[in-house]
Amino acid sequence: MPTIHQVAERAGVSSTTVSHVINNTRYVSPETRERVLRAMEELNYRPNVLARSLRRGETRTLGLILPDSANPFFAEVARALEFAAFRAGYNVIFGNSENDLEKEQVYVDVLVTKQVDGLIFMATGDRSQSLETLVRGGLPVVVVDRQLSALEVDTVLTDNLQGGLLATRYLIAGGHRRIGCITGPSPSRPAPSG
């Protein structure tokens, strides 16, 4: 892999100037900037994102853990989250826990090792010891679609009861009288009970 020093040599500038072009941290004349960019292209140079992340203390990466990526609800939420993150300049690494607490913990550990800037978490159950340490350590965590009973954390929930009420009223207004309801697993908190 070419280095920043090789780019500087090819462009006839200092490594510091190349760094300023890459990071846009100081004015560089348009002619010099063009020489640096051309040298980068000729050498197929790619900035070391890991080194930059360590210097800046951020990776511009978010972790997303889903309980079941084949479930259309979770797939749609993941798609929307990735779209919003990308527009904000973030990449998303996601893991599918397949409703397995052990696999969920492995993904949490991997994402922390990758030094994600935050974690969006759709928990397998209604409690998660794997997040407790992260939250206490200061990693931003948002839990979606689950209320974790033992952890005070930012949470995004849908009002399933109100949604069911509105859907039922709509069906009744349309003349329907025999109305059924299919829910998720009963231990799952988002699944309506009763």
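Accessible areas here come from the Shrake-Rupley method with a 1.4 Å probe, and for residues only the protein chains shown count as cover. By that method the chain exposes about 12,900 Å², of which carbon and sulfur atoms supply 54%.

Before going on, I should say that this is a predicted model, in which local features need pLDDT of at least 70 and side-chain atom pairs count only at pLDDT 80 or more, while totals for chains, interfaces and linings use all residues. Residues are numbered from 1 along each chain as its sequence is written, and side-chain values use heavy atoms, with hydrogens and water left out.

The secondary structure comes to 8 helices and 5 strands, taken as DSSP runs numbered from the N terminus (helices H or I, at least four residues; strands E, at least two), and along the sequence they follow the pattern α-α-α-α-β-α-β-α-β-α-β-β-α.

Of the 194 residues, 30% count as buried, meaning under 20% relative accessible area with a 1.4 Å probe, protein chains only. In helix H2, residues 15-23, the buried ones are Thr17, Val18, His20, Val21 and Asn23, and Asn24, which follows H2, has a positive phi near 55°.

Turning to the interior, the largest nonpolar core (buried Ala, Val, Leu, Ile, Met, Phe, Trp, Tyr and Cys residues joined through side-chain atoms within 4.5 Å) has 15 residues. Helix H6 (101-113), strand S3 (118-121), helix H7 (129-136) and strand S4 (141-144) each supply at least two residues of this core. Apart from it lies another core, of 11 residues, among them Val7, Ala11, Ala39 and Tyr45.

Notes: Buried < 20%, exposed > 50% of the residue type's maximum accessible area, 1.4 Å probe, protein only.
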